[in-house]
Amino acid sequence: MSNPLAEFTTSNSMVEDLISLPPTYVPGFLAGCVDLDVDISDRALQGLPKRTRGIVGFSRSKLSFPSQLVLANKLLPIFSLCFPSSNNLKGYGKIFIGAAAGGHSQVESKFLQTTALVVNPVATTAVSIYGAPSIEYFIDVRSIKIDGHVVNLNPSLPSIDKKGNGGTKISSVTPWTELHSSLYKPFVQDFVNKAAGRRMKRVASVAPFDACFDSSTIENSVTGLVVPVIDLVLAGGVQWSIHGANSMVMAGKNVACLAFVDGGMKPKMSSVETSIVIGGHQLEDNLLVFDEASSRLSFSSSLLLRNTTCSHV
């Protein structure tokens with residue numbers, strides 16, 4: 001079993017059980033487990049929130065939770081995720097599996113944009129089958145804009161090469177979006193330049209973040225702190241817009257930091273170097289619909305723009 005938060009793997013047993021989620025159920029549900037009476041259980045849960053007793057996988061793997069549920073109940077191979085803001089301690093996110101429209105109302109669905117899901121031909125996880133494609137979800141980011149200005153990036157890095165290097169993947173277990181060092185430096189510099197134009201006062205960095213600012217010099221809005229807007233320009237010309245609620249994090253009293261980090265030059269748990277990893281903070285209050293049948297991702301950008309949240313969709 002792999003714990004991506006603590007960045008290690010553990011040996012464990014495969015068990016078969018029955019999962020009941022009325023009105024559906026999964027007989028013979030396969031899962032990995034560790035013995036809670038053995039010290040290894042503490043390591044297996046390291047880095048996870050308190051009271052956590054396991055991890056649910058939503059990858060392309062045949063053993064993932066949605067894959068088993070879809071197969072057992074002959075559902076459509078589609079699921080949607082909507083994570084609540086970490087600032088809303090009483091809020092809940094939403095997960096829909098097998099729903100034709102992602103499980104959400106037409107009012108929400110009509111605001112979704114769609115782009116292709118990309119298959120990385122090389123496995124990118126710590127535990128994988130040699131020669132098999134990656135089971136993680138990749139999208140094709142063509143460029144990045146900050147306040148409408150295209151960041152000058154190495155054009156080859158966002159693409160996936162024959163060895164599986166490059167590309168952009170979506171990772172709910174990575175807390176902050178990570179960029180390859182060669183992408184990160186010009187990205188942060190452009191953001192800092194745009195922030196200076198807005199009279200945002202820069203302050204000392206707070207690890208692991210580089211660009212931090214005095215929050216008292218930044219206005220607030222329905223989409224969080226009013227900072228330069230970051231747009232991920234995707235295949236098909238659609239844009240995933242990232243506003244203050246998802247681009248910034250409060251790292252101290254009156255200290256707001258750009259919640260993007262340097263992913264380094266070398267991978268941590270894989271031999272493959274991914275250029276961009278979209279992290280959990282950037283996914284909060286964003287509705288994502290994964291349609292594996294058509295290999296497409298539909299996304300809302302921040303629901304705060306629609307005066308709603310993942311707790312209310």
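The chain holds six helices and 24 strands. Helices (H or I, at least four residues) and strands (E, at least two) are DSSP runs, numbered from the N terminus. This is a predicted model: local features need pLDDT of at least 70, side-chain atom pairs count only at pLDDT 80 or more, and totals for chains, interfaces and linings use all residues. Residues are numbered from 1 along each chain as its sequence is written, and side-chain values use heavy atoms, with hydrogens and water left out.

**Exercise 1. The chain as a whole**

Task: State what percentage of the residues is buried, and what area the chain exposes.

Solution.
- Start with the term. Buried means under 20% relative accessible area, exposed over 50%, and partly exposed in between (1.4 Å probe, protein chains only).
- Of the 313 residues in the chain, 46% are buried.
- The chain exposes about 16,200 Å². Carbon and sulfur atoms supply 54% of that area. Accessible areas come from the Shrake-Rupley method with a 1.4 Å probe; for residues, only the protein chains shown count as cover.

**Exercise 2. The nonpolar cores**

Task: Find the two residues that touch the most other members of the largest nonpolar core.

Solution.
- A nonpolar core is a set of buried Ala, Val, Leu, Ile, Met, Phe, Trp, Tyr and Cys residues joined through side-chain atoms within 4.5 Å.
- The largest core has 50 residues, and the two are Ile144 and Trp240.
- Helix 4 (residues 181–197) gives the largest share of this core, seven residues.
- Another core lies apart from it, with eight residues, including Ile78 and Leu303.
- A general rule fits here: in soluble globular proteins, nonpolar side chains tend to be buried together.

**Exercise 3. Helix 4**

Task: Describe the length of helix 4, its buried residues and the strands it lies across.

Solution.
- Helix 4 has 17 residues. From first C-alpha to last, helix 4 reaches 25 Å, close to the 24 Å expected at 1.5 Å a residue. The expected span is 1.5 Å times one less than the number of residues.
- Among the buried residues of helix 4 are Leu183, Tyr184, Phe187, Val188 and Phe191.
- Helix 4 lies across strand 9 (141–146), strand 10 and strand 17, and runs at about 30° to strand 9. Axes are lines fitted to C-alpha atoms, for helices over the stretch in contact, and angles run from 0 to 180 degrees between N-to-C directions.
- After helix 4 comes Arg199, with a positive phi near 65°.

**Exercise 4. Edges of an open sheet**

Task: In the open sheet with the order 10-9-17-18, name the edge strands.

Solution.
- Two strands pair if DSSP finds at least two bridges between them.
- Four strands form this sheet, with antiparallel pairing.
- Strand 10 (149–150) and strand 18 (239–242) are the edges. Each has a single partner strand, so one side of each has no neighbour in the sheet.
- Strand 17 (residues 230–234) and strand 18 run antiparallel and are joined by four bridges. Asp231 stands opposite Ser241 in strand 18.

**Exercise 5. Strand 5**

Task: Is strand 5 largely enclosed or left open by the rest of the structure?

Solution.
- Five of its five residues are buried, so strand 5 is largely enclosed.
- Ile78, Ser80 and Cys82 point one way, and Phe79 and Leu81 the other way.
- The general pattern is that side chains in a regular strand alternate between the two faces of the sheet.
- Strand 5 pairs antiparallel with strand 23 (residues 286–291) over five bridges. Here Cys82 stands opposite Leu287.
- Strand 5 also pairs antiparallel with strand 6, over four bridges. Here Cys82 stands opposite Lys94.

**Exercise 6. Helix 2 and two loop residues**

Task: Place Ser59 and Lys74, and decide whether each is buried or exposed.

Solution.
- Ser59 is in the loop between helix 1 (40–44) and helix 2. Its relative accessibility is 18%, so Ser59 counts as buried.
- Contact means heavy atoms within 4.5 Å. Leaving aside neighbours within four places in sequence, Ser59 is in contact with Ser64, Ser67, Ile135, Tyr137 and Glu292.
- Ser67 is one of the buried residues of helix 2 (residues 65–73).
- Lys74 is in the loop between helix 2 and strand 5. At 79% relative accessibility, Lys74 counts as exposed.
- The phi of Lys74 is positive, near 55°, in a residue other than glycine.
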